[in-house]
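Hi,

Here is the structure I promised to pass on. Have a look at it first, and then read on for what turned up when I went through it.

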Amino acid sequence: MSSDRPTVRHPSAGPDRRLLGGLFAALLMACAALLGTGVPARADSPGTGATATAIAEALATSPVYVDPSFAAAVTASQQRELADRIAATGLPIKVVLVPLKKGDAFDGSADSLAAVVRERLGRPQLILLTNDQYGSWLRGTEWPDDTHQARDAAMAVGMLKELKDAGLAARVGRAVDLISTGQGTEVFKAESARADRERSARPTVKEKATDSSPGGSGTPLVVGAALVLAAAVGAAFLLRRRRSPRHTAFTFPDAVFAADQAADEAGLRRQAAAEVIALGEAVDGADGAATPGLGRALDAYDAAGRVLDAARGIPDLAGVLALAAEGRSALAAEPRLPLCFFDPRHGSAVRRTTWRPLGRRERVDVAVCEDCAQALRARRAPQVLAVRDQGRTVPYFELPADRSLWAATGYGSLLSGPGDTLAARVGTGEFSRARRRSADHGGAEG
Ligand SMILES: [Zn+2]
């Protein structure tokens, strides 16, 4: 349908045309949503339809779908128990537990899994509980809105001390209980406050990092090198920016801006807090001897906590996600790509690609999620994290690099090499300095 037409518009369009264009884009998006085509196209890509269809078919007869690889964690009798528990609530709760990995049918994204399953079920009212890509956290999503606090209920379960060593079945059961009693938000807030207290009472984390990683970023030489690199990259970025004509870099449908502005900042804050806590637990559980990246993971954890505490808006909270991902990558056996350059909320990138901003000669090497990769291939504008800056709404990467750490680093995509990390830059004060400069300029959010 016509939503395939390019969404990049010429920046010289006047205010009236912009408004009309925005309304038109909003209408198109509404039509797409009504027709159920709002779900990413990858749902229909080869090899992925069967999985989503199989899940939807199974859910027609039972509210619980458990992939065979999770059968040991949630046995057949536990599945029946859960089904009975759900039936007793009288709520449209469905549970889907499937392994999620980058590059799989759902790109390793719990959000994508939820969106695809919901589309296949075609129900206006649905409460979906899924696992996340790490397997131990649950994700709660509810349509048409979060009346039953499913999101908080699912996250609270991951934070409850008494469930720390409990199996997946017990966690799902508790999430169902919290949803049915409407206590998700209350318990989540209490657990977040407890985790905050524990986090601030953990000053030894930094020492642990420098102890366990003699070659880590605590070494002055490395910090010095990182500073030089950071300055060089920043200067290069500024030079590119100065050479390019103002306001011609990239434009987006107004509807995208509106969607960004309406994005649930509180929800993102909770997600970011949960990611930081999860990273802290993963760090605590890591075997120091077998994890060469432990020091970097601790640095990322520390930086994520600091940015979270100071976060002023969605761009900073997205930065917390990017730092948490950096920490996860440091713990992993293989280095991972950062989160999607265009908007870290899209999740992990699946590949790197070069992208030429409109109106510029130079191509930039960025890591992108599957949706954005497809958009670029189809010459459509990806959905971009937008920020308000001096009365304008612009893609976050259009901010001057010295006023936004996120613009300078592309949330990890534009880092210059192994020694250059988001955590190192936060550690050397780049985040705070950029924030002060931003405030002096009458301020972007991020
Ligand atoms: Zn993306």
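Let's start at Asp343, which touches Gln383, Val384 and Leu385, leaving out residues up to four places away in sequence. This is a predicted model, by the way, so read everything below as computed from it. Asp343 sits in the loop between helix 13 (314-331) and strand 5 (351-355). Is Asp343 buried or exposed? It counts as buried, because it has 26 C-beta neighbours inside 10 Å and 20 are enough. Asp343 also has Pro382 across from it: the two are 39 residues apart along the chain, while their C-alpha atoms are separated by 9.0 Å.

A second pair links these parts of the chain. Ala381 and Phe342 are 39 residues apart in sequence, with 9.9 Å from C-alpha to C-alpha. Ala381 belongs to the loop between helix 14 and strand 7 (386-389). With 20 C-beta neighbours inside 10 Å, Ala381 counts as buried.

Just before that loop comes helix 14 (residues 370-377), where Glu370, Asp371, Cys372, Ala373 and Ala375 are buried. Strand 5 and strand 6 (364-368) are among the elements that cover those buried residues. After helix 14 comes Arg379, which has a positive phi, near 60°.

Now for the overall picture. The chain has 446 residues, and buried ones make up 44% of them. You'll find 17 helices and eight strands in it. If you take the contacts between residues at least 6 apart in sequence, 66% of them join residues at least 24 apart.

On to the core. Nonpolar side chains tend to be buried together in soluble globular proteins. Here the largest nonpolar core holds 107 residues, and the members that touch the most others are Ala175, Val276, Ala304, Val320, Leu323 and Val368. Which helix gives the most to this core? That is helix 13, with 11 residues. The core lies between domain 2 (41-190) and domain 3 (206-440), because both of them give residues to it. If you want to zoom in on one of those well-connected members, try Ala175: setting aside its neighbours within four places in sequence, it is in contact with Leu129, Leu138, Gly140, Ala153, Ala154 and Val157.

Next, how the helices pack. Two packed helices are described by the angle between their axes and the distance between the axes. Helix 12 (residues 294-310) and helix 13 pack at about 170°, and their axes are 8 Å apart. How do helix 12 and helix 13 run, roughly parallel or roughly antiparallel? They are roughly antiparallel, because angles over 145 degrees count that way. Their crossing is left-handed. On the helix 12 side, the residues that meet helix 13 include Ala300, Ala304 and Val307. Among their partners in helix 13 are Gly319, Val320, Leu323 and Gly327. Ala304, Val320 and Leu323 may ring a bell, as they are also among the core members that touch the most others.

Helix 5 (150-159) and helix 11 (residues 265-285) make another pair, with an angle of about 15° and axes 11 Å apart. Helix 5 and helix 11 are therefore roughly parallel to each other. Their contact is made by Arg151, Asp152, Met155, Gly158 and Met159 of helix 5, together with Gly267, Arg270, Ala274 and Ile277 of helix 11. This crossing is left-handed.

Finally, a few backbone details to look up. A cis peptide bond joins Trp143 and Pro144, with omega at about 5°. Pro144 is in the loop between strand 4 (138-143) and helix 5. Gln149 is in that loop too, and what is its phi? It is positive, about 55°, although Gln149 is not a glycine. Gln149 counts as buried, with 22 C-beta neighbours inside 10 Å.

Tyr411 is also a residue other than glycine with a positive phi, near 55°. You'll find Tyr411 in the loop between helix 15 (405-409) and helix 16 (422-427). Tyr411 is buried, with 32 other C-beta atoms within 10 Å.

Cheers

How values were computed
Residues are numbered from 1 along each chain as its sequence is written. This is a predicted model: local features need pLDDT of at least 70, side-chain atom pairs count only at pLDDT 80 or more; totals for chains, interfaces and linings use all residues. Helices (H or I, at least four residues) and strands (E, at least two) are DSSP runs, numbered from the N terminus. A residue is buried if 20 or more other C-beta atoms lie within 10 Å of its own, exposed if 12 or fewer, and partly exposed in between; C-beta atoms are placed from the backbone. Two residues are in contact if their C-beta atoms, placed from the backbone, lie within 7 Å. A nonpolar core is a set of buried Ala, Val, Leu, Ile, Met, Phe, Trp, Tyr and Cys residues joined through C-beta atoms within 7 Å. Domain bounds come from an automatic or database domain assignment. Axes are lines fitted to C-alpha atoms, for helices over the stretch in contact, and angles run from 0 to 180 degrees between N-to-C directions. Angles under 35 degrees count as roughly parallel, over 145 as roughly antiparallel, 65 to 115 as roughly perpendicular and the rest as oblique. A crossing is left-handed if the near helix is turned anticlockwise from the far one by less than a right angle, and right-handed if clockwise.
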